[in-house]
Amino acid sequence: MEVRKGSSQDPNSAKYKLNQIAAKAYSDAQAAKERGEKVGWCASNFPVELPETLGIPVCYPENQAAGIAARGQGEKLCSIAEDEGYSNDICAYARISLAYAKIKDEPAQNMPMPDFMLCCNNICSCMTKWYENLSKELDIPLIMIDIPFNPDNEVSRDEIEYVKAQFLEAVRQLEEITGKKWSDERFREVMANSCRTSRAWLEATALAAARPSPFNGFDLLNHMAVMVTARGKPEAAEAMELLAREYRENIENGTSTFRAEEKYRIMFEGIACWPWLRVTSTGLKSRGINMVSTIYADAFGFIYDDFDGMIEAYCKVPNAINLETARDKRVRLCNNIGVDGLLVHTNRSCKLWSGFMPEMSRQIGEACGIPVVSFDGDQADPRNFSEAQYDTRVQGLTEIMASRKAGE
Amino acid sequence: MLTLGIDIGSTTAKCAVLEDGRDFRAVSLRDSGVGTDGPQAAFEGVLAELGVSRRDIDCVCATGYGRAAWQDADLRASELTCHCLGGVYVFPGLRTLIDIGGQDAKVISIDAGGSMAEFVMNDKCAAGTGRFLDVMAALLRCPVDSFAEAAARSKSPASISNTCTVFAESEVISQLAAGAAVEDVIAGVCRSVATRVGSLARRLDMREPVCMSGGVARNAAVREALSEYLQVPVLFDERAQLFGAMGAAIYAAKRKSKE
Ligand code: SF4
């Protein structure tokens, strides 16, 4: 069988390399556990630079939950958590993770059990409770960093000092738990890798501004796993740079990984609907709609020059900023990349993202002069999605975009 | 030129045949929708009424939840666009259309040129849809068609939740158990639908004139409650339930004339 250049089977392609890195993150952690090393479970917006510098293997429950959901096991694990007494209103990532901690084996995506938990509340309050519960039930230490929601537009010196003290304390705790030692030199390396990876990632995602876009936006959802779990590693930086190169080549050659005519370009808001990924992507592709932009792309691009800069970056993650700043980030993306519409996933799992979305998306629609359409779904619980409802909404959006184009 | 629109909803099937993009020649409606013989019966019914066959129809456009499964369609369009076109045909200059169907509710804002500009739809709960009224009708042992008449007799409408059909059901039961008059509960149920859908409308830049379409539009109590909630007159036409099918026929005619 001939392997298509650039496909996930081509070992020289960025896609192949990125998939390998994402898979290796799990196998490395498993191997470390088997060697008797201490392994942590880590929140996606926790400063990964800290365990990376210390050489401590960590796994990411959100990433695992997404994998389990995408492979069709979300409902099974959600139900196990619900049988335990957890409400089905709780985030499905949390339910899946809590269930996994109970059953400790899910072939869809296994990972080693933790010896400690790393959490940061710049994500949401549900995650705080989820990690606290796990720490209690598994009787392991929890390192919790408080990064307050930022109602201001800038990060103040006071906030940086407040968070810095906690970062340093987290390093001390991690040294104590694992016996490993912090090295400033190693931190500089990790920081350089992380920034290199982020820069390449932001560059690659910004190339969607080309018409047609050199890639199908759904690619980003896969590659993001590396941004979450491995951005501090040199191989991640190399693979991301390769990805950007491939996309640039696509532009030069007039090709794209979006294998349909790009009639419309949209921004997709919210986490992917993992259990229904194929349905949601086909519903767009079959109508010639390419999802060229998502705030997700921006969310994991961390660029900074020193320890304080790193803290500032974590104080400005998309979940911890005020509505106006969050809106402006998206408006900028929409304008830079050029989109004809905004499709909002009203994610029943995520109260944080979905709660402010009706107002924010209204403001984005107004600022960019684009139609906004939302659909109900869930990032990991397949029961909160209706294919027919999705289809009608996407068709409605397509018809509005078509009539606007015809009127132009 | 004859074009036919078929609107296959969750509980009904409707057809309309349009001549030369201008005049409706025949319409049909059957009280059974997706997955039944209703759509076929509505289709054959409208052709029989006109005394024509499928071959005489230049273009068939299917809409509604069953649109994808209707094999005999030349075109398909969402019920959003079709209701909008049907509404504008009946009420020229229409700017907002509120459609409450069997299992969903939608509010469409229409631009000055008669095209759909924006829309919002209900979320996953049946509250605010025809299904909600059906559930309540069964509970209250009163057909939905008699709701308006009963609600008109109400002196003090009961307060019924509009956030969840199951909550509302238990509220209705406890209101009845506490001795509330049936007409007050019915009036409360109609208000519950109206406020739920009305708040969808408020999310949009709602402009007048406003009309209602879909099966629930026939219920005057819901229409009045909606008008009161939104503080605007809500227009109604006897063909409200057929707007989707009519719009589909108009859509087909527009596409044909572009060819
Ligand atoms: S998906 Fe939303 S609710 Fe779940 S952990 Fe992430 S931010 Fe929190």
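Helices (H or I, at least four residues) and strands (E, at least two) are here DSSP runs, numbered from the N terminus. The legends below refer to a predicted model.

**Figure 1. Overall view of chain B, with eight helices and ten strands.** The radius of gyration of chain B is 19 Å, close to the 18 Å that the globule rule gives for 259 residues, so chain B is as compact as a globular protein of that length. Its C-alpha trace spans about 60 × 40 × 30 Å along the principal axes. Of the 259 residues in chain B, 56% are buried.

**Figure 2. Overall view of chain A, with 17 helices and eight strands.** For chain A the radius of gyration is 21 Å, close to the 22 Å expected from the globule rule for 408 residues, and chain A is therefore as compact as a globular protein of that length. The box filled by the C-alpha atoms of chain A, taken along the principal axes, is roughly 65 × 55 × 45 Å. Buried residues account for 58% of the 408 residues of chain A.

**Figure 3. Close-up of a patch of negative charge on the surface, formed by Asp20(B), Asp23(B), Asp56(B) and Asp58(B).** Asp56(B) belongs to the loop between helix H1 (38-50) and strand S4 (59-63) of chain B. With a relative accessible area of 40%, Asp56(B) is partly exposed, because this class lies between the limits of 20% for buried and 50% for exposed residues.

**Figure 4. Close-up of Leu221(A) in helix H9 (residues 218-230) of chain A.** Leu221(A) has a relative accessibility of 5% and therefore counts as buried. Between Leu221(A) and Glu37(A) the separation is 184 residues in sequence and 31 Å in space, C-alpha to C-alpha.

**Figure 5. Close-up of the cis peptide bonds Arg211(A)-Pro212(A) and Glu208(B)-Pro209(B).** Most peptide bonds are trans. Omega is about -5° for the bond joining Arg211(A) and Pro212(A), and Pro212(A) lies in the loop between helix H8 (184-206) and H9 of chain A. For the bond from Glu208(B) to Pro209(B), omega is near -5°. Pro209(B) is located in the loop between helix H6 (182-203) and strand S9 (210-213) of chain B.

**Figure 6. Close-up of positive phi values at Arg141(B) and Gln231(B).** Most residues other than glycine have a negative phi. Arg141(B), which is not a glycine, has a phi of about 50°; Arg141(B) sits in the loop between helix H3 (130-140) and helix H4 (147-152) of chain B and is exposed at 77% relative accessibility. Gln231(B) has a phi near 60° and occupies the loop between helix H7 (220-230) and strand S10 (234-235) of chain B. The relative accessible area of Gln231(B) is 64%, so Gln231(B) is exposed.

Terms used
Residues numbered from 1 in each chain as written. Chains lettered and ligands numbered in written order. Predicted model: local features only at pLDDT ≥ 70, side-chain atom pairs only at ≥ 80, totals over all residues. Heavy atoms only, no water. Patch = residues over 30% accessible without salt bridge, like charges linked within 9 Å, V, L, I, M, F, W, Y side chains within 5 Å. Areas by Shrake-Rupley, 256 points an atom, 1.4 Å probe, with all protein chains shown as cover. Salt bridge = Lys/Arg side-chain N within 4 Å of Asp/Glu carboxyl O. Lys, Arg positive; Asp, Glu negative; His and termini not counted. Charge placed at Lys NZ, Arg CZ, Asp CG, Glu CD. Buried < 20%, exposed > 50% of the residue type's maximum accessible area, 1.4 Å probe, protein only. Rg over C-alpha atoms; globule rule 2.2 N^0.38 Å.
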